[in-house]
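Visitor: I would like to know how the labels on this model are earned. Could you take me through them?

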Amino acid sequence: VDGDEEIDEELLRRFVDRIRSVLVSDVRETKEHAVNALINMPGSVLSALIQNEACDMTAVKAIIDLMESSPDQELVPMLMALGKCAKSIQVIRKYLRAQILPRLGRVLRKPEESPGLKGRLIRLMTSASSNASA
């Protein structure tokens, strides 16, 4: 039984590596499918996303870029995938914190009024009609 689990985990790790290849490609539609596949992967194999502990965040950056160019109603799967990756891998969690939640410094307006991804996410999560706040 343990041998089968190891084989399955190795196959899933290879699959996540292929998902990484798709995420760094230029085809938007396949990136969306890759994000949906990531949601169903166990956290133990998601380290293949950052390529052998080399901390290459190209695939994670690709998901962030996809989020920036997607309408609000398409953000939830990407948030789920990034959340799962962040839960499983500390390096990704730190990277996402630095990219999406940079230091405020001097605050001139409310965070939800900012034009970037951070503002969009805050508006999405605090909206009464949103599915992401649930």
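Guide: We will go through salt bridges, exposure and one helix contact.

Guide: This is a predicted model, where local features need pLDDT of at least 70, side-chain atom pairs count only at pLDDT 80 or more, and totals for chains, interfaces and linings use all residues. Residues are numbered from 1 along each chain as its sequence is written, and side-chain values use heavy atoms, with hydrogens and water left out.

Visitor: Why is the pair Glu9 and Arg13 called a salt bridge?

Guide: The rule asks for a side-chain nitrogen of Lys or Arg within 4 Å of a carboxyl oxygen of Asp or Glu. For Glu9 and Arg13 the N to O distance is 3.0 Å. So the pair qualifies as a salt bridge. By this rule the count is 8 salt bridges.

Visitor: What makes Glu9 and Arg13 about one helical turn apart?

Guide: They sit 4 residues apart in helix H1, residues 2-23. A helix here is a DSSP run (H or I, at least four residues), numbered from the N terminus.

Visitor: Why is Glu9 called partly exposed?

Guide: Its relative accessibility is 32%. Buried means under 20% relative accessible area, exposed over 50%, and partly exposed lies in between (1.4 Å probe, protein chains only). Therefore Glu9 is partly exposed. Arg13, with 25%, is partly exposed too.

Visitor: How do you know that Glu74 and Arg28 form a salt bridge?

Guide: Their N to O distance is 3.8 Å, so the cut-off is met. This pair links distant parts of the chain, 46 residues apart. Glu74 is in the loop between helix H3 (58-68) and helix H4 (75-88), and Arg28 is in helix H2 (residues 28-39). Arg28, Glu32 and Glu74 are linked in a network of salt bridges.

Visitor: Why is H3 called oblique to H5?

Guide: The axes of H3 and helix H5 (residues 90-100) come within 11 Å and cross at roughly 40°. Axes are lines fitted to C-alpha atoms, for helices over the stretch in contact, and angles run from 0 to 180 degrees between N-to-C directions. Under 35 degrees is roughly parallel, over 145 roughly antiparallel, 65 to 115 roughly perpendicular, and the rest oblique. Therefore H3 is oblique to H5.

Visitor: Which residues make the contact of H3 with H5?

Guide: Val60, Lys61 and Ile64 come from H3, and Ile92, Tyr95, Leu96 and Gln99 from H5. Contact means heavy atoms within 4.5 Å.

Note on methods. Helix = DSSP H or I, 4+ residues; strand = E, 2+ residues; numbered from the N terminus.
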